[in-house]
Amino acid sequence: MSAVTLQLSIIVGYLLIALAVGLVAYRLTDRTAEDFYLASRTLGTVVLLFTTFATLLSAFTFFAGPNIAYAQGPEWILVMGLMDGIIFAVLWYVIGYKQWLLGRQYGYVTLGEMLGDRFGSWWLRGLVAVVSLLWLFPYVMLQQVGAGTALEALTEGAVPYAAGAGLITAFMILYVVVAGMRGIAWTDTLQGAFMLVTTWVAVVWVLAAVGGPSAATEALASNPDTGGFLSLGGDYYTVQWMLSTAITIGFGVAMFPQVNQRFFAAGSKTVLKRSFALWPLLCVLLFVPSFMLGAWAAGLEVAVPEGANVLPLILAEYTPTWFAALVIAGAMAAMMSSSDSMLLSGSSYFTRDLFRPLLGVLGMVVSERREDLIARVGVVLFATAAFVVSLFQPATLFEIGNAAFSGFAQLAVPVLLALYWRRITRAGITAGILVSQAFYILSLFLTIVPDTYAGWSAGLVGMGLGLVVTVAVSLATSPAAAERRAIYFDRFGAD
């Protein structure tokens, strides 16, 4: 058997196992929207923790992270492995616990439903859905770009980029349409545990091949191009950049639809609290070895062509073909676990926050079974569109991922105010969302709007702008009649 055939057999075989788990879950899934999206709010501690964990194990983690460590040094561990892990764990409690209380009592499935009810506004509900789908699109595309480049590098071009991106797209569509949240949660648990184990085995294997951690670190220190990697800071890792990136990623993760919906899916308060307490530990256990592999690869002078990813290349050089393929298979499965969750959540935002309210305005209703069908069709269309755009590889993995994180982060401050500030108004939260989103989007595409301010990123500045606008407009306006008739803050404070 040729090396390429062996690699593809391992990768496709792993993806088929994940699909089989989804088929089993399909047989146990009720044909209702709540079960399809939230597994009927019954997830336990291990499953909730690992499904959230695996949902975030994306191409950004496995490829963009090691690529940054390869190019700039291992301080990236402090950003993603430590600061971001702690920030999100805090937000999991501050935002997630309050959302769980509300979802349990009032049946919310999406963030837009909760905010629309809070302010008596179907328009605000639709705005949150549109913004979320806007930033979800590039992050789904990120997984397809990551899979395509990974397979191309692993097989030394035998599998072209488009075929790799198409493979994961086909599997993610099949999986979401068949499995729903229950199947996704089950396989996420399997994949999260699998990636923890294989990543640590990969580190041990590579270090054994090069003479141990001291030898790998010495190679990093003695290489004139990477000697500065072992000193904190530098032109890239400035304090402003590290804090901006950690904060926007942490707050952005809390607003990702697939993560935010998991706040509603916990089986109990104890499950939710145990999960966020364990979160930082899982981040450290995975990000430290994967990012250090990228940094050590620079010292070992592993050649990485422009546009390629370092992780498949260092594995191909220092581990057997079958093991490198197994790790990449797990990474692709992790990318699929991100994509399938994103597609599932995206379909719920479309059907429940856009399609259903539109029918309501027109005086029409849709059955849960019909909504379930529409959701599955929406998954196919969304994933296919992302695949087509991914073929053009519009930016690097980090640029795509960072744009999505910062875009979602603009929602976080208005949502926090909606949950905890009694004086906020519908006009205030709407203005805060629109202004911060417009500012950040303009910073991406227009040179007249800088992308940094004294070293602080436009994403972080946009969050501050959203805070100021939300508060100022809320103080200058009073609740509209429809808002006064809506359920007020007291409902949102019940325990």
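This report walks through the open and enclosed spaces of a predicted model, then its nonpolar core and a few backbone oddities.

**Pockets and cavities**

Let's start with the empty space. Here are the four sites side by side.

| Site | Volume | Lining by class |
|---|---|---|
| Largest pocket | about 1,300 Å³ | 26 nonpolar, 17 polar, three charged |
| Second largest pocket | about 180 Å³ | eight nonpolar, three polar, two charged |
| Largest cavity | about 80 Å³ | ten nonpolar, one polar, one charged |
| Second largest cavity | about 50 Å³ | seven nonpolar, two polar, no charged |

The largest pocket, at about 1,300 Å³, has 46 residues in its lining, and those closest to its centre are Ala395, Thr396, Phe398, Glu399 and Ile400. Which helix gives the most to this lining? That's helix 17, with seven residues. Helix 17 covers residues 397-420, and at least two lining residues each also come from helix 4, helix 7, helix 10, helix 18 (426-445) and helix 19 (458-476).

On to the second largest pocket, with its volume of about 180 Å³. Thirteen is the count for its lining: of those 13 residues, Ala153, Leu154, Glu156, Ala316 and Glu317 sit nearest the centre. Two or more residues apiece come from helix 1 (3-27), helix 7, helix 14 and helix 15 (321-361). Helix 7 is thus named for this lining as well as for that of the largest pocket.

Now for the closed spaces. How many cavities of 30 Å³ or more turn up in a search of the whole structure? There are two. The largest has a volume of about 80 Å³, and twelve residues line it, with Leu56, Met80, Asp84, Val253 and Phe287 closest to its centre. Helix 4 (59-72), helix 5 and helix 13 are the elements that give two or more residues to that lining. By class, the wall is ten nonpolar residues plus one polar and one charged.

The second largest cavity holds about 50 Å³ of space. Its lining is Phe62, Met195, Thr199, Ala202, Ser290, Leu293, Leu311, Leu315 and Val327. Helix 8 (161-210), helix 13 and helix 14 each give two or more of these residues, and helix 8 gives the most, with three. No charged residue is found in this lining; the split is seven nonpolar and two polar.

**A bend beside a cavity**

Asp84 deserves a second look. Besides being among the residues closest to the centre of the largest cavity, Asp84 is where helix 5 (residues 76-106) bends by about 35 degrees. Right after helix 5 comes Gly107, with a positive phi of about 75 degrees.

**The core and Met255**

In soluble globular proteins, nonpolar side chains tend to be buried together. Here the largest nonpolar core counts 152 residues, and those touching the most other members are Trp76, Leu115, Met255, Trp279 and Ile314. Helix 7 (residues 122-154) gives the most to this core, with 18 residues.

Met255 makes a handy case study. This methionine lies in helix 10 (residues 239-255). Is Met255 buried or exposed? Its relative accessibility is 0%, so Met255 counts as buried. Leaving aside neighbours within four places in sequence, Met255 is in contact with Ile95, Leu111, Asn260, Phe408, Leu411, Ala412 and Val415. Met255 and Phe405 are 150 residues apart in sequence, yet their C-alpha atoms are 8.8 Å apart in space.

**Positive phi outside glycine**

Most residues other than glycine have a negative phi. Glu301 has a positive phi of about 60 degrees although it is not a glycine. Where does Glu301 sit? It is in the loop between helix 13 (269-299) and helix 14 (310-318). With a relative accessible area of 60%, Glu301 is exposed, because the cut-off for that label is over 50%.

Ala454 has a positive phi too, of about 55 degrees. Its place is the loop between strand 1 (452-453) and strand 2 (456-457). Ala454 has a relative accessibility of 67%, so this alanine also counts as exposed.

Technical notes:
Residues numbered from 1 in each chain as written. Predicted model: local features only at pLDDT ≥ 70, side-chain atom pairs only at ≥ 80, totals over all residues. Heavy atoms only, no water. Helix = DSSP H or I, 4+ residues; strand = E, 2+ residues; numbered from the N terminus. Buried < 20%, exposed > 50% of the residue type's maximum accessible area, 1.4 Å probe, protein only. Bend = angle between axes of the 7 residues up to and from the residue. 1 Å grid on protein atoms, 1.4 Å probe; cavity = no way out; pocket = protein on both sides within 12 Å on 5 of 7 lines; lining within 4 Å. Points joined across faces, edges and corners; volume = space filled by probe spheres on them. Nonpolar A, V, L, I, M, F, W, Y, C, P; charged D, E, K, R; others polar. Contact = heavy atoms within 4.5 Å. Core = buried A, V, L, I, M, F, W, Y, C linked by side-chain atoms within 4.5 Å.
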